[in-house]
Amino acid sequence: MTDRSREPLAIDGGSPIRDDYLIFGSPDLREPEIAEVTDVLRSGWIGTGPRVHRFESDFASYVGAPHAVALGSCTAGLHLSLIALGVRPGDEVIVPSMTFAATANSVCHVGATPVLVDCDRDTHNIDPEAVRAAITERTKVIVPVHFAGRAAEMDALLALAKEHDLRILEDAAHATETIYRGRKVGTIGDCTAFSFYVTKNVVTGEGGMVTTEDEEVAAWIKVAGLHGMSKDAWKRYSDDGFRHYQIGFPGFKYNMTDIQAALGIHQLARVEECWKKREQLWKTYMEAFRDLPVFLPAPVPTGDKHAYHLFILVLDTDRLRMSRDEVQQALHRENIGTGIHYRGVHLHPYYAERFGYEPESIPNTHYISERTISLPFSSKLAESDVRDVVDGVRKVLLAAEK
Ligand SMILES: *Cc1c(COP(=O)(O)O)cnc(C)c1O
């Protein structure tokens with residue numbers, strides 16, 4: 001067999017590694033959820049109903065949390081959790097800059113100020129020392145993100161929260177399967193928000209879930225996510241007869257529907273099976289790229305379980321003749337789709353202009369923002385897809401090596 005990784009790059013006129021385009025982040029949807037969605041459509045009850053309740057209780061038992069509230073997105077979960085945890089306009093919330101914008105946007109939705117802090121360069125997780133330095137009298141909540149599926153330094157963050165009387169809201173959009181020192185993510189902070197967006201480990205199209213130990217918080221989030229209507233108002237058109245509802249406060253329209261939950265129930269039932277596939281894929285990539293001019297993901301501490309949501313290479317650009325964007329473009333021309341997770345929030349115009357962040361003011365985040373690239377990492381990938389990613393990445397990075 002010829003070594004495809006030594007052939008000319010497609011970007012230089014060579015033939016691409018594959019003929020069809022391998023998209024980044026393809027959902028692994030199978031027949032049971034397709035059948036369940038069809039059942040929902042035939043049942044005539046396509047709004048919030050019994051399947052949402054079933055998905056909530058399945059998710060609560062998977063995580064080991066007493067309460068789980070399904071919502072239309074993780075962003076909705078972050079927004080409502082912040083309010084439930086007492087954040088009000090003018091308060092400050094500490095958020096890593098190395099995250100998806102929704103983590104910080106949700107703080108703005110409350111009218112509070114997101115205070116963006118740096119991450120560790122190896123783990124990409126929020127740096128507890130940077131958090132400590134950012135705490136002021138107006139700080140109410142810390143929002144760690146379990147980056148790529150790797151647990152954040154929760155012991156240090158919990159200690160800071162206790163010392164300064166702060167709440168912790170975990171952004172677990174990457175972290176459905178994550179365990180921190182033997183404790184399941186979703187049972188550690190005051191609230192945890194999960195995402196079931198199309199690229200995430202459990203997919204409902206759009207969707208999210210908040211878990212919490214606090215019954216009142218859970219009940220408030222549920223009501224706030226459906227107009228502020230009195231409890232169980234979703235049943236108002238059921239065969240029990242029409243019921244009047246009461247509006248206690250102007251809530252939001254953040255509910256999940258049974259169509260989404262029908263996907264979630266079966267996706268969740270396979271969550272560990274898909275995780276095992278990605279664990280294998282992780283090992284394959286770690287082995288395949290060890291001699292390249294890149295920084296591979298750091299090892300996982302004992303007692304922790306990585307959710308293996310994203311497989312990220314940080315390009316060692318000192319040893320490359322291409323920038324990250326050029327590498328991404330070269331892979332694109334090889335018909336390999338990739339992602340960027342992320343360009344730091346502080347680099348985006350709204351945050352830079354409104355709060356006056358300079359790129360270098362959050363140095364590790366800036367460093368990673370310019371070098372990070374995420375490879376296709378879905379449990380849906382066939383062996384031939386994985387071979388194409390390996391050969392394509394090797395081809396581009398060997399050609400670009402100084
Ligand atoms: C995907 C994502 C979100 C937002 O999730 P939605 O369900 O799309 O609202 C928030 N935070 C992080 C870190 C994410 O990756």
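The following is a conversation about how a predicted model is described and on what grounds its terms are used.

Colleague: What should I know about the model before we begin?

Modeller: This is a predicted model, in which local features need pLDDT of at least 70 and side-chain atom pairs count only at pLDDT 80 or more, while totals for chains, interfaces and linings use all residues. Residues are numbered from 1 along each chain as its sequence is written, and side-chain values use heavy atoms, with hydrogens and water left out.

Colleague: What makes domain 1 and domain 2 separate parts of the chain?

Modeller: The bounds come from an automatic or database domain assignment, which gives 10–25 + 271–400 to domain 1 and 31–269 to domain 2. Their centres, taken over C-alpha atoms, are 27 Å apart.

Colleague: How do you know that domain 1 and domain 2 are in contact?

Modeller: Contact means heavy atoms within 4.5 Å, and 37 residues of domain 1 are in contact with 42 residues of domain 2. The buried area, which is the accessible area (1.4 Å probe) that two parts lose on being put together, summed over both, is about 3,300 Å² here, with carbon and sulfur atoms giving 57%. On the side of domain 1, V271, H309 and Y342 lose the most area to domain 2, together 23% of what that side buries.

Colleague: Why is the pair D304 and R181 called a salt bridge?

Modeller: The term requires a side-chain nitrogen of Lys or Arg within 4 Å of a carboxyl oxygen of Asp or Glu, and the side chains of D304 and R181 meet at 2.9 Å, N to O, so the pair falls within that limit.

Colleague: What makes R4 and D391 a link between distant parts of the chain?

Modeller: The closest N and O atoms of R4 and D391 are 2.8 Å apart in a salt bridge. R4 lies in the segment before α1 (31–43) and D391 in helix α13 (residues 383–400), so the pair ties together parts that are 387 residues apart in sequence. Helices here are DSSP runs (H or I, at least four residues), numbered from the N terminus. Both R4 and D391 also belong to a network of salt bridges with R18, D20, D385 and D388.

Colleague: Why is D391 called buried, while R4 is called partly exposed?

Modeller: Buried means under 20% relative accessible area, exposed over 50%, and partly exposed in between (1.4 Å probe, protein chains only). D391 has 16% and therefore counts as buried, whereas R4 has 22% and therefore counts as partly exposed.

Colleague: Which description, buried or exposed, fits K395 and E334?

Modeller: K395 counts as buried at 1% relative accessibility, and E334 is buried as well, with a relative accessible area of 0%. These two residues form a salt bridge, the closest N and O atoms being 2.9 Å apart.

Colleague: Why is the pair R51 and E36 called a polar contact?

Modeller: A polar contact is a pair of N or O atoms within 3.5 Å, where within protein one must be able to donate a hydrogen and the other to accept it, and residues adjacent in sequence count only if both atoms are side-chain atoms. The side chains of R51 and E36 are joined at 2.7 Å, so the distance lies within the limit. R51 lies in helix α2 (residues 50–63) and is buried, with a relative accessible area of 18%.

Conventions
Helices (H or I, at least four residues) and strands (E, at least two) are DSSP runs, numbered from the N terminus.
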